[in-house]
Amino acid sequence: MTIGPEVAGHEMPGPAITGRSVPVRTVARALLWAIILALSPVAAAGVPPPARPADWRWPLDPRPAVLRPFDPPARPWLSGHRGVDLRVAYDGAPVTSPAPGTVSFVGVVVDRAVITVDHGNGLRSSFEPVESGLATGAAVAAGEVLGGVRSGHCGRDPCVHWSVRRGEEYLNPMAFVMDQRPSVLLPVVPEPVPEPHR
Ligand SMILES: [Zn+2]
């Protein structure tokens, strides 16, 4: 489709029109970007922090196994896993605050015992199922015990579900305790060293 000079002239009169095909190409490019952004899972899930914050730590000691990873839904109303499930050593094992903050919620949501810590900067951690003796408003340091993990979230395996939100957006908690940048991931097993050329 081409836009004749009369048509373009009616819509955008004046000497500014020098290339008639440029507006059409610009609109097509904008539409293409809109489609790419709409289809991109990164745009829907949010971009994790480029480097992990220095003052966050694992909420369990020793460092736990991840039984179920972060798997956010493509759209807020779809199902997914809005946190990570971390294996705990035993029923009742202590879970600790991953960063300094203030307890903003302790209580039961539907049938799960939940504790939420507000870390400031819009970031909140929630853990469940956790029974806590702390009260709302209590200040907690990084590494301070929040409560004991109860069974029920991972079937027979004792585990704690940890979610991190910035505002209403769920983030990958792993981004706060592990460096997610591929270029700096260290190999677990040393690579075999090739024979040097002699
Ligand atoms: Zn979970």
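Which residue of β10 is the bridge partner of D85? Before selecting anything, note that this is a predicted model, in which local features need pLDDT of at least 70 and side-chain atom pairs count only at pLDDT 80 or more, while totals for chains, interfaces and linings use all residues. Residues are numbered from 1 along each chain as its sequence is written.

**The whole chain**

Start with the protein chain in full, which has four helices and 11 strands; helices (H or I, at least four residues) and strands (E, at least two) are DSSP runs, numbered from the N terminus. Colour next by pLDDT, the predictor's confidence in each residue, from 0 to 100: the chain averages 80, and 64% of the residues score at least 70. Over residues 1-19 the pLDDT is below 50, and this stretch has eight contacts in the model beyond near neighbours in sequence, where two residues are in contact if their C-beta atoms, placed from the backbone, lie within 7 Å. Residues 35-45 also have a pLDDT below 50, with six contacts beyond near neighbours in sequence. Where pLDDT is low, the predicted coordinates should not be read in detail.

**Strands β1, β2 and β10**

Select β2 (residues 84-87) together with β1 (residues 66-68), and you will find them paired in the antiparallel sense over two bridges; two strands pair if DSSP finds at least two bridges between them. Within this pairing, V66 has L86 of β2 as its bridge partner. Now add β10 (residues 159-166), which pairs with β2 in the antiparallel sense over four bridges. Here the opening question is settled, since the bridge partner of D85 in β10 is H161.

**The nonpolar cores**

Stay on L86, which touches L60, P64, V66, L67, C159, V160 and W162, not counting residues up to four places away in sequence. L86 is also one of the residues, along with V95, I115, F127, V130 and V160, that touch the most other members of the 18-residue largest nonpolar core. Such a core is a set of buried Ala, Val, Leu, Ile, Met, Phe, Trp, Tyr and Cys residues joined through C-beta atoms within 7 Å, and a residue is buried if 20 or more other C-beta atoms lie within 10 Å of its own, exposed if 12 or fewer, and partly exposed in between, with C-beta atoms placed from the backbone. Two or more residues of this core come from each of β2, β4 (101-109), β5 (112-120), β9 (145-149) and β10, and β10 gives the most, with three residues. A second, separate core of seven residues can be selected through members including W56, A99, L171 and A175.

**The three-stranded sheet**

Move to the open sheet whose three strands run in the order β3-β9-β7 with antiparallel pairing. Its edge strands are β3 (94-96) and β7 (130-131), each of which pairs on one side only. β3 and β9 are joined over three bridges, and in β9 the bridge partner of T96 is V145.

**Loops and single residues**

Which residues does a cis peptide bond with omega of about -10 degrees join? They are E128 and P129, and P129 lies in the loop between β6 (123-128) and β7. Another cis peptide bond joins D61 and P62, with omega of about 5 degrees.

Select V110 next, in the loop between β4 and β5; its phi is near 60 degrees, a positive value in a residue other than glycine. V110 counts as exposed because it has 5 C-beta neighbours inside 10 Å.

Finish at V177 in helix α4 (residues 174-177), which counts as partly exposed because it has 19 C-beta neighbours inside 10 Å.
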